[in-house]
Amino acid sequence: MKYKIEKVAVLGSGVMGSQIAAHLANVGITSYLLDITPKELTPEEEAKGLNLQSKEVRNRIVNKGLEFAKTIKPSAFYDPSFVDRIKIGNFDDDLKVVSEVDWIIEVIIEKLEPKKELLAKVDALRKKGTIVSSNTSGIPINDICSDLSEDFKRHFLGTHFFNPPRYLKLLEIIPHEKTLPEVVEFMSEFGDKVLGKGIVKCKDTPNFIANRIGVFGIMNSIHLMMKHDLNIVEVDKLMGPVTGKPKSAMFRTSDVVGLDTMVHVAKNIYDALPNDECRETFLMPEFVNKMIENKWLGQKTKQGFYKKVDKDILYLDYKDMEYKPSPKVDFPCLQAAKQIDNLKERLASIAYSDDKGGKYFWEATIDTLIYSVNRIPEIADDILSIDNAMKWGFGWELGPFEVWDALGLEKSVERLKSEGKNVPEKIFEMLSFGYKSFYQNRNGHLFYYDFETKTYKPVHYPKGITILSSLKDQGKVIKKNASASLIDLGDGVACLEFHSKMNTLGGDIVSLLQDSLKIVEEDYEGLVIGNQGANFSVGANIMLVLMAAIEGEWDEIDLMVRAFQKAAMSIKYAKKPVVTAPFGMTLGGGVEFSIVAPRVVACSELYMGLVEVGVGVIPGGGGTKELTLRAMDKVKNTPDADPFPFLKQAFENIGMAKVSTSAYEAKNMGFLRDSDRIIVNKDRLIDEAKKSVLELVKKGYRAGQPREDIQVLGRSALSAFKLGLYTMKEGGYISDHDVLIGTKLANILCGGDLIVPRKVSEQYLLDLEREAFLSLCGTKKTQERIQHMLKTGKPLRN
């Protein structure tokens with residue numbers, strides 16, 4: 001394609017504009033962030049003797065926007081230094097920069113006339129062929145560009161990011177009637193491969209896809225809450241993680257987004273769509289209007305549907321408009337659901353329950369499903385676009401049509417008929433053909449029902465996206481057990497996939513890893529270790545360690561640790577190249593397995609850390625050894641370096657259980673090397689890791705040998721660590737048990753209490769690791785910590 005994007009102008013520095021600029025910076029793209037100039041001085045500016053021509057004043061609004069992006073939590077930036085890729089300015093002085101850039105994105109106030117006015121100025125300044133887009137959440141794209149030049153119209157489209165842009169996967173691409181197909185194609189590919197987004201192409205209808213369906217779901221849930229006499233907390237329990245929705249559920253999500261934003265979107269739909277069969281649903285109930293009047297807008301005003309008072313989270317009782325302590329929610333349907341791991345089975349269980357919670361969930365869910373069916377072909381031509389939009393934009397685990405399959409199409413239609421509800425004619429037609437589900441899996445290939453052709457069509461994934469479950473269904477499994485599978489990726493590359501609960505590492509995975517390395521050595525070019533679960537791995541199965549420690553089975557623990565260490569070393573020194581593909585939470589043993597590989601291809605959203613001190617032990621599977629080795633290698637490669645700061649960083653990473661907030665921070669912490677790769681789109685991780693395996697093969701990969709030349713500092717450095725621990729203890733910052741853990745950790749990092757520095761082997765450090773791990777497992781405090789972690793999911797400090 002003739003298009004490229006190296007520089008971008010972001011017009012508008014509010015909540016979305018500043019974060020879009022931040023995400024562009026994350027992927028290495030320079031942007032100009034511009035906003036309006038103030039019309040009057042603040043008292044502080046007057047006191048400084050500034051005037052409206054002062055640059056500080058003229059850039060005040062854009063500076064405030066950028067500061068927001070720099071300080072928001074969770075962070076908008078992968079690394080704080082990336083902010084330097086953003087240059088600021090204002091519309092009056094700096095709009096001419098649009099002539100220098102490759103893409104101009106408008107992100108100003110959600111009103112038609114200001115957008116048209118600004119873009120008319122842009123049209124006069126931009127180079128012909130420059131792509132321009134709007135981040136509007138619902139104003140028709142055709143209306144925005146109606147008065148602009150033909151070249152502008154051909155290169156104009158909607159690019160609707162979701163808040164927060166770094167973390168939410170959805171990017172809606174909305175062409176209008178004159179947008180060039182090649183512009184749509186280029187921006188879709190750019191959004192996918194460069195920005196890491198899931199692309200959904202939308203029709204130019206009010207609020208597009210995700211907001212149209214999502215806001216209907218929210219508004220309908222509010223009305224049904226009042227109908228069924230439920231409270232806000234009860235609804236959020238029913239419409240949260242237990243039913244495949246985000247932890248923020250319904251009302252907490254509204255608080256984060258902002259009640260004013262939700263009201264604006266709902267009003268836009270109501271005003272723009274007089275023929276929508278559910279139009280009245282988008283009218284706000286009186287208590288919401290009262291919240292708007294009171295400026296109870298959610299997170300931005302410190303209170304909305306919820307309000308934090310000290311450490312307590314209060315909820316709004318809409319009946320008397322008072323904030324109250326959250327009540328316990330104890331619907332029988334939710335109690336039963338706790339025993340069901342499979343989400344689809346859990347959804348059906350709740351929906352067909354006869355208690356108050358089940359009846360509410362059924363009605364709220366089925367209404368949204370029917371509304372989604374009725375939106376085809378109005379807002380989208382296929383069910384895939386709606387399902388993906390809701391999963392990627394609203395954080396649903398299953399899209400509406402996947403949910404309907406989980407409930408059972410025939411069974412749900414029979415219930416709807418018995419309740420006297422209107423069932424869309426196209427559903428009756430679908431059932432008349434004998435089609436009883438929206439999706440079908442045929443020999444590992446996924447098909448979806450197409451309402452237009454009344455047949456099933458194959459789901460096509462973009463080139464470079466590998467679906468492991470599909471390969472397994474196609475019979476590509478080489479070997480498997482309950483916790484892992486070895487899968488043939490093609491081209492001589494195999495993949496070891498974890499699929500235990502939360503991808504915890506236990507004996508099954510260690511065993512299959514060793515078998516996999518032997519199989520790959522004989523029959524394959526190399527191995528990828530990766531999966532497509534929620535997270536790469538949350539670490540070793542500590543329940544096994546706890547049970548063995550309580551029973552005093554020290555030999556058993558010793559064997560487990562030896563096996564884990566051996567497995568990690570096998571990855572590092574396998575005869576064929578191994579590439580690991582970590583993403584999301586990669587903790588404890590997940591770190592130890594991933595960082596030792598000859599090459600790591602990591603997802604940018606990587607939350608990596610050696611967190612074992614949270615349960616009272618140190619990393620025992622090679623993590624402490626590996627960070628020691630890397631710290632001392634950095635010393636060797638840094639002329640005249642003081643080695644202690646390098647070891648201190650490793651000590652703090654482990655001793656404070658630090659977890660990276662991105663792959664770039666993981667690199668700064670020493671978990672990733674300069675030779676490791678970082679990619680933005682998690683869906684492409686397996687394929688990119690496979691490419692790295694083949695690249696290593698092409699370069700003539702040769703396995704290394706276990707190291708014998710690791711310089712350690714011995715007693716001099718160990719004494720410095722002990723002094724630091726003593727000072728922390730005397731200051732009341734750490735406990736006696738923390739001192740014990742810290743001393744054991746320092747002993748490994750320093751190579752033991754050696755009188756003089758010397759060189760040691762990897763195995764020497766692994767032996768120190770194992771001794772420390774075993775001795776800490778035997779302490780009462782560690783066993784208390786493990787039990788507390790298992791019970792609460794949170795570390796105990798004592």
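This text goes from the overall fold to one serine, S353.

The model is predicted. The protein contains 34 helices and 25 strands. Its C-alpha trace spans about 80 × 75 × 60 Å along the principal axes. The radius of gyration is 29 Å. A compact globule of 798 residues would have a value near 28 Å, so the protein agrees with that expectation.

Next comes the packing. Of the 798 residues, 56% are buried. Sequence separation adds to the picture. Take the contacts between residues at least 6 apart in sequence: 70% of these join residues at least 24 apart.

Now the surface and the charges. The accessible surface comes to about 34500 Å². Carbon and sulfur atoms hold 52% of that area. The protein carries 107 positive and 109 negative side chains. The centres of these two sets lie 2 Å apart.

From here the view narrows to a single residue. Where does S353 sit? S353 is in the loop between α16 and α17. Helix α16 covers 343-351, and α17 covers 356-374. Is S353 buried or exposed? The relative accessible area of S353 is 16%. Buried means under 20%, so S353 counts as buried.

What does the side chain of S353 reach? It reaches the backbone oxygen of S349, at 2.6 Å. S349 falls within the range given for α16, 343-351. Leaving out residues up to four places away in sequence, S353 touches C333, G358 and K359. G358 and K359 fall within the range of α17, 356-374. The loop residue S353 thus has a polar partner in S349 and further contacts with C333, G358 and K359.

How values were computed:
Residues numbered from 1 in each chain as written. Heavy atoms only, no water. Helix = DSSP H or I, 4+ residues; strand = E, 2+ residues; numbered from the N terminus. Rg over C-alpha atoms; globule rule 2.2 N^0.38 Å. Buried < 20%, exposed > 50% of the residue type's maximum accessible area, 1.4 Å probe, protein only. Contact = heavy atoms within 4.5 Å. Areas by Shrake-Rupley, 256 points an atom, 1.4 Å probe, with all protein chains shown as cover. Lys, Arg positive; Asp, Glu negative; His and termini not counted. Charge placed at Lys NZ, Arg CZ, Asp CG, Glu CD. Polar contact = N/O pair within 3.5 Å; in protein donor to acceptor, adjacent residues only side chain to side chain.
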